[in-house]
Amino acid sequence: MNTEPGHECHCEEALEHLYEYIDAEMTELELDRLRAHISECTTCLEAVSREQEVRVILRKSCVEVAPDELRMRVRTQLTLLRESRRG
């Protein structure tokens, strides 16, 4: 990533570093450059919004606990699978 003064960030660079941007895994200078571009670019702003929405959905999905009956069936199948591989 080119962080030299006067070097503008473009869509290709912003989208290439989208996950690093969202996770704030960049230097403050890099974040500022991407933030400036994304705040003025509809395409990149939508990409950031979509990724953040996906993350929210995934977080919600991971919070739910499987019903006891389903957990028991999965455990039984895993046990059967392990036993079939041994013997």
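**Exercise 1. Work out how much surface the chain exposes, and which atoms supply 53% of it.**

Let's start from the outside. The chain exposes about 7,100 Å². Carbon and sulfur atoms supply 53% of that area. Keep in mind, as you go, that this is a predicted model.

**Exercise 2. Describe the overall build of the chain: how many helices and strands does it have, and how does its radius of gyration stand against that of a compact globule?**

Step one is to count the elements. There are 5 helices and 0 strands, and the pattern along the sequence reads α-α-α-α-α.

Step two is to look at the dimensions. The C-alpha trace spans about 65 × 25 × 20 Å along its principal axes.

Step three brings in the radius of gyration. For a compact globule of 87 residues one would expect a value near 12 Å, but this chain has 22 Å.

Step four turns to burial. Of the 87 residues, 23% count as buried.

Step five asks how contacts are spread over the sequence. Take the contacts between residues at least 6 apart in sequence: 60% of them join residues at least 24 apart.

**Exercise 3. Tally the charged side chains and find how far apart the centres of the two sets lie.**

The tally gives 12 positive and 19 negative side chains. The centres of these two sets lie 16 Å apart.

**Exercise 4. Find the largest nonpolar core and say which helices each supply at least two of its residues.**

First, the background: nonpolar side chains tend to be buried together in soluble globular proteins.

Next, the core itself. The largest one has 13 residues, and those with the most contacts inside it are Ala14, Tyr21, Leu34, Ile38 and Val48. At least two residues of this core come from each of helix 2 (18-22), helix 3 (28-40) and helix 4 (42-63).

Now zoom in on one member, Tyr21. Setting aside neighbours within four places in sequence, Tyr21 is in contact with Met26, Leu31, Leu34, Arg35, Ile38 and Val48.

**Exercise 5. Decide whether isoleucine 38 is buried or exposed, then list what it touches.**

Begin with the location: isoleucine 38 sits in helix 3. Its relative accessibility is 4%, and since buried means under 20%, isoleucine 38 counts as buried.

Then collect its partners. Not counting residues up to four places away in sequence, isoleucine 38 touches Ala14, Tyr21, Cys44, Leu45 and Val48.

Finally, check a distance. Isoleucine 38 and cysteine 11 are 27 residues apart along the chain, and their C-alpha atoms are separated by 8.2 Å.

**Exercise 6. Place tyrosine 19 and valine 54 in their helices, and give the accessibility of each.**

Tyrosine 19 belongs to helix 2. With a relative accessible area of 48%, tyrosine 19 is partly exposed. Beyond residues up to four places away in sequence, tyrosine 19 touches Glu51 and Arg55. Tyrosine 19 also lies 9.8 Å from glutamine 52, C-alpha to C-alpha, with their positions 33 residues apart in sequence.

Valine 54 lies in helix 4. At 39% relative accessibility, valine 54 is partly exposed too. Valine 54 and leucine 80 are 26 residues apart in sequence, and 35 Å apart in space, C-alpha to C-alpha.

**Exercise 7. Find what is notable about the phi of alanine 24.**

Start with the setting: alanine 24 is in the loop between helix 2 and helix 3. At 48% relative accessibility, alanine 24 counts as partly exposed.

Now recall the rule: most residues other than glycine have a negative phi. Phi of alanine 24, by contrast, is positive, near 55 degrees.

As a last step, the C-alpha atoms of alanine 24 and serine 49 are separated by 15 Å, while the two residues are 25 apart along the chain.

Definitions and conventions:
Residues numbered from 1 in each chain as written. Predicted model: local features only at pLDDT ≥ 70, side-chain atom pairs only at ≥ 80, totals over all residues. Heavy atoms only, no water. Helix = DSSP H or I, 4+ residues; strand = E, 2+ residues; numbered from the N terminus. Rg over C-alpha atoms; globule rule 2.2 N^0.38 Å. Buried < 20%, exposed > 50% of the residue type's maximum accessible area, 1.4 Å probe, protein only. Contact = heavy atoms within 4.5 Å. Areas by Shrake-Rupley, 256 points an atom, 1.4 Å probe, with all protein chains shown as cover. Lys, Arg positive; Asp, Glu negative; His and termini not counted. Charge placed at Lys NZ, Arg CZ, Asp CG, Glu CD. Core = buried A, V, L, I, M, F, W, Y, C linked by side-chain atoms within 4.5 Å.
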